[in-house]
Amino acid sequence: MTTSGARTRVTGSAADFIPPKPTLPRLREAAAGCRGCHLWEHATQTVFGEGPRNAEVMLVGEQPGDQEDLQGHPFVGPSGRLLDEGLVAAGIDRRRVYVTNAVKHFKFVRVELTRRRLHKKPSAGEVRACHPWLEEEIRLVHPRVIVALGATAAQALLGPRFRVTEQRGKVVRSEWAEAVVATVHPSAVLRAPPEAREEARREFFADLGRVARLLGKSIARTERAEMTERAERIN
Ligand code: SF4
């Protein structure tokens with residue numbers, strides 16, 4: 001799909017905006033002007049991923065929320081605070097985690113009376129259009145473990161037939177990383193009915209705990225490999 005206008009050209013894919021010789025800073029700069037789909041039109045800004053270039057774990061959500069859209073950073077709203085709590089409980093240092101979303105612009109509907117902006121699920125076409133940014137982030141960060149938060153992120157990475165309800169917390173081998181683990185999006189925990197919220201929170205934290213153990217194993221394996229390599233060099 002190509003739409004020409006006086007000021008913009010929506011191309012149908014973020015691929016048209018990937019800069020040559022991409023680095024994370026170059027990608028972030030280019031993504032700020034992305035017109036790969038229509039979602040940029042009503043959002044405040046592109047919310048690109050953040051975190052260290054060599055992060056061992058990458059968390060992928062669905063799309064920025066209201067606060068993320070306003071502040072320009074991923075996972076800084078209520079969902080982000082719950083995610084932070086879960087990472088602390090699991091012993092994962094967020095400063096060593098790369099956080100991003102499958103879709104980089106906030107999609108919403110506005111409630112006429114209150115003017116509040118309510119999250120609207122991105123379409124499969126919008127997720128597809130935005131996928132090149134995520135692919136580049138994964139290629140450059142090269143995380144050992146990717147955690148898909150919610151169905152949109154999980155299906156963007158593992159295909160449309162993937163069901164978080166059936167596979168949550170399980171290690172999935174994929175082309176993207178040594179391990180991909182899917183769990184719910186923290187906003188689903190926040191939206192759970194009050195009587196079920198504590199249980200949902202516990203299960204979400206337990207999934208992050210599994211990720212922490214996985215990272216521990218993965219790190220241990222690498223350390224062993226490096227020790228073997230050093231020993232071979234000495235001998
Ligand atoms: S949602 Fe993604 S593809 Fe669409 S305009 Fe924003 S950055 Fe580009």
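These points cover the confidence of the model, one sheet, its strand S9 and the surroundings of the ligand.

1. The structure is a predicted model. The protein chain has an average pLDDT of 91, and 89% of the residues score at least 70. Residues 1-7 should be read with this in mind: pLDDT stays under 50 there, and the model has 7 contacts beyond four places in sequence for that stretch.

2. Five strands form an open sheet with mixed pairing. Their order across the sheet is S4-S3-S7-S9-S8. Strand S4 (97-101) and S8 are the edge strands, each pairing on one side only. As a reminder, strands of a sheet pair through backbone hydrogen bonds, and the pairing can be parallel or antiparallel.

3. How does S9 pair with strand S7, and over how many bridges? Strand S7 (residues 145-149) and S9 run in the parallel sense, with 5 bridges between them. One of the residues to look at is Val145, whose bridge partner in S9 is Ala179.

4. S9 also pairs with strand S8 (residues 171-172), here in the antiparallel sense and over 2 bridges. Val180 in S9 stands opposite Val172. The connection from S8 to S9 is a hairpin through 6 residues.

5. Is strand S9 largely enclosed or largely open? Strand S9 spans residues 179-183, and 5 of its 5 residues are buried, so the strand is largely enclosed by the rest of the structure. A residue counts as buried here if 20 or more other C-beta atoms lie within 10 Å of its own.

6. The side chains of a regular strand alternate between the two faces of the sheet. In S9, Ala179, Val181 and Thr183 point one way, while Val180 and Ala182 point the other way. Residues of both sets are buried.

7. The ligand is surrounded by 15 residues. The closest are Cys34, Gly36, Cys37, His105 and Cys130. Helix H4 (residues 124-141) gives the largest share of this shell, 3 residues.

8. Which classes of residue make up the shell around the ligand? There are 9 nonpolar, 3 polar and 3 charged residues. In this count Cys is taken as nonpolar and Gly as polar.

Notes: Residues numbered from 1 in each chain as written. Predicted model: local features only at pLDDT ≥ 70, side-chain atom pairs only at ≥ 80, totals over all residues. Buried ≥ 20, exposed ≤ 12 C-beta atoms within 10 Å, placed from the backbone. Helix = DSSP H or I, 4+ residues; strand = E, 2+ residues; numbered from the N terminus. Pairing = 2+ DSSP bridges. Near = placed C-beta within 6 Å. pLDDT = per-residue confidence, 0-100. Contact = placed C-beta atoms within 7 Å.
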